[in-house]
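Subject: Structure for you to look at

Hello,

Here is the structure I said I would pass on. Please open it first, and then read my notes below with it on the screen.

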Amino acid sequence: MAEETLTRAAPTAPAAARDTPRRGFGEGALLVNAIFCYLFLYVPILILIVFSFSNSSLAGVWGGFTFDWYVKLFQNTRLMTAMGNSLYVATASMIVATVIGTLVALGMERFRFRGRQAFDVQLYMPVVIPDIVMAVMLLLFFSNAFQLLNALLGSSFRLSLTTVIMAHITFNIAFVAVVVRSSLKGFDWRLEEAAQDLGANEFNTFRHVTFPLILPGIIGGALMAFTLSLDDYVISYFTNGPGASTLPIEVFSRIVAASAPTINAVSTVIFLASLLLVSVSQLLQRRR
Amino acid sequence: MIFFLLPFLIIIVYAFSSRSPTGGVEFTFTLNNFITLFSDPVYLSIFWRSIWMGVVTTVLCALIGYPLALFIVLQPVRWRSILIFLILIPFWTNFLVRIYAWMTILGNNGIVNSTIGFFGFEPVTMLGTQGAVLLGLVYGELPFMVLPIYASIDRFDFRLLEAANDLGASRWQRFVRVMLPLTAPGIAAGSVLVFIPTAGNYIVPALLGGGKVALIGNFLEQQFGSAQNQPLGSAAALLVMLVLTAGVVFYFRVTDEGER
């Protein structure tokens, strides 16, 4: 289609296009495609937001303006508990994954060790395999590990919110490591040598030289981890225990049951939260 | 790392074990799971459908995404950052929420049907069709295609087109022989980023496909859930990983380190 629109639009493009190299792509066709794409991306979200204020229990019918669904949402203890769980899981997994992921990234960039290549591939795996595969792997792992531990120690470990957090840490480490590593690509290691020549010990070198320089990358990775954790349905669904629903699990079960506008209200809240997160991450990048 | 390697080893063991009558696992070495996967026409069709949907989604995303990325690059710098920001928002927005939005549009009481019903037309069943699943997949993955292509076009030296023009290349030749090969790494990176989550997608077929258009993701969920056949599910998961690892190796080959 890209080639088609370009060639088809070509004869109608202005003759002056030859002089300016950035012209001559069939601007009209590109503009139409771009408008189509942005409408495609945003109209569904806008509809969702509009209908969250609709006074009708049918998802696609406008029944007058109301705030009722938001009131119902904030009065619904199940949804509010799930929201709290989600924030807890996202915060905990973000903190742990950011620390470990950053250390992994630093280690990978600084040291050349045997098996580094294999470790590299292994590190990338959670990023590239579908979440459902990751989910079933972790489910089997937890159930087997708990069976073994419970048989040996007589303990009673089982799936809970903690296993969800552990699962989220597992995939988030990979994402944080990838983001931090990409920010380390342009890092001038001679700065560390310079600091040490000037008498800084290893800790002070890290504290005052390395860390401030890679901080934007770390924050980027942390925000990504937080978002991914909030976003995840599949892995949480497989690794959660009784009473440990996260918000996406709760929303999914409500969607499958029936499409009540409460979901529109929850979705709108989630969308606004994502908007806030992406704005923060963009502002932080701009400051750098 | 333990949390990745150990589960990986466990799933390999499971893949070569058999299901006990009670739904548990018997650890006796067998290739039966793989034989079942490759001989049962239902499972084979799920596999092929996943790959086929993945390919179609990737191609559609590339065909829509490339001109979009090009359009963004051609805009003045001020506009460019706003347009990219608008691509980033869906990228960061909850996938479930975005797919749910389409349910309210395509559903039997959805916006499309209530609109055409207003004009006296019969409602059309859209949820539960392959078209709906495909639409959801393209919608969900489009930003993952646009961003890497944008990065590669942004690095592209447009003076090369001028040079090609001076050498007498036609508009078509300039694009296909000069620009496309030089921005191909972006398309390849985008394709990997789109294809993998698409082929393994669970949410879109479950919600927009209404359980009628099953992909590998739904098959895995079923085997580990209601069907209680973890060995068969493990074998399928292992196969998916093998196929996708090949894809990742391809990704590493075609992109240099800085582009990832």
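I begin with helix 4 of chain B, because its length can be checked by simple arithmetic: its 16 residues, 77–92, should span 22 Å at 1.5 Å a residue. The C-alpha atoms at its two ends are 23 Å apart, which agrees with that value. Buried residues in this helix include B:Leu83, B:Ile87, B:Pro90 and B:Trp92. Please keep in mind that this is a predicted model.

**Chain B as a whole**

Chain B has 12 helices and two strands. Where do the strands come in the order of elements from the N terminus on? The run is α-β-β-α-α-α-α-α-α-α-α-α-α-α, with the two strands right after the opening helix. Chain B has 260 residues, and 47% of them count as buried. Taking contacts in chain B between residues at least 6 apart in sequence, 70% join residues at least 24 apart.

One residue to click on is B:Leu37, which sits in helix 2 (residues 32–39) of chain B. Is B:Leu37 buried or exposed? B:Leu37 falls in between: a residue needs 20 or more other C-beta atoms within 10 Å to be buried, and B:Leu37 has 19, so it is partly exposed. In sequence, B:Leu37 and B:Gly233 are 196 residues apart, yet their C-alpha atoms are 9.6 Å apart in space. Neighbours within four places in sequence aside, B:Leu37 is in contact with B:Tyr43, B:Ala235, B:Ala236 and B:Leu239.

**Chain A as a whole**

Chain A has 12 helices and zero strands. From the N terminus on, its elements therefore read α-α-α-α-α-α-α-α-α-α-α-α. Of its 288 residues, 39% count as buried. Among contacts in chain A with a separation of 6 or more, 75% are between residues 24 or more positions apart.

Within chain A, look at helix 4 (residues 77–110) and helix 7 (residues 161–184), whose axes come within 6 Å and cross at roughly 40°. Angles from 65 to 115 degrees count as roughly perpendicular and those under 35 as roughly parallel, so helix 4 and helix 7 of chain A are oblique to each other. The crossing of these two helices is right-handed. By class, their contact has 18 nonpolar, seven polar and two charged residues.

A:Thr162 lies in helix 7 of chain A. It has 16 C-beta neighbours inside 10 Å, so it counts as partly exposed. The C-alpha atoms of A:Thr162 and A:Phe187 are 25 residues apart along the chain and are separated by 36 Å.

A:Val209 is in helix 9 (residues 202–231) of chain A. With 17 other C-beta atoms within 10 Å, A:Val209 is partly exposed. A:Val209 and A:Gly221 are 12 residues apart along the chain, and their C-alpha atoms are separated by 19 Å. Which residues is A:Val209 in contact with, leaving aside its neighbours within four places in sequence? They are A:Leu191, A:Glu192 and A:Ala195.

**Where the chains touch**

The contact between the chains takes 67 residues from chain A and 72 residues from chain B. On the side of chain B that touches chain A, helix 5 (residues 95–106) of chain B gives the most, with 10 residues. That side of chain B divides into 52 nonpolar, 14 polar and six charged residues.

One pair of helices to find here is helix 2 (residues 27–51) of chain A and helix 3 (residues 41–74) of chain B. Their axes come within 9 Å and cross at roughly 110°. That angle lies in the range from 65 to 115 degrees, so the two helices are roughly perpendicular to each other. From helix 2 of chain A, the residues A:Leu30, A:Leu31, A:Asn33, A:Ala34 and A:Cys37 take part. They meet B:Ile64, B:Pro67, B:Leu68, B:Leu70 and B:Phe71 in helix 3 of chain B. By class, this contact has nine nonpolar residues, one polar and no charged.

Regards

Technical notes
Residues numbered from 1 in each chain as written. Chains lettered and ligands numbered in written order. Predicted model: local features only at pLDDT ≥ 70, side-chain atom pairs only at ≥ 80, totals over all residues. Contact = placed C-beta atoms within 7 Å. Helix = DSSP H or I, 4+ residues; strand = E, 2+ residues; numbered from the N terminus. Nonpolar A, V, L, I, M, F, W, Y, C, P; charged D, E, K, R; others polar. Expected span 1.5 Å × (residues − 1). Buried ≥ 20, exposed ≤ 12 C-beta atoms within 10 Å, placed from the backbone. Axes fitted to C-alpha atoms, helices over the stretch in contact; angles between N-to-C directions. Parallel < 35°, antiparallel > 145°, perpendicular 65-115°, else oblique. Left-handed = near helix turned anticlockwise from the far one by under 90°.
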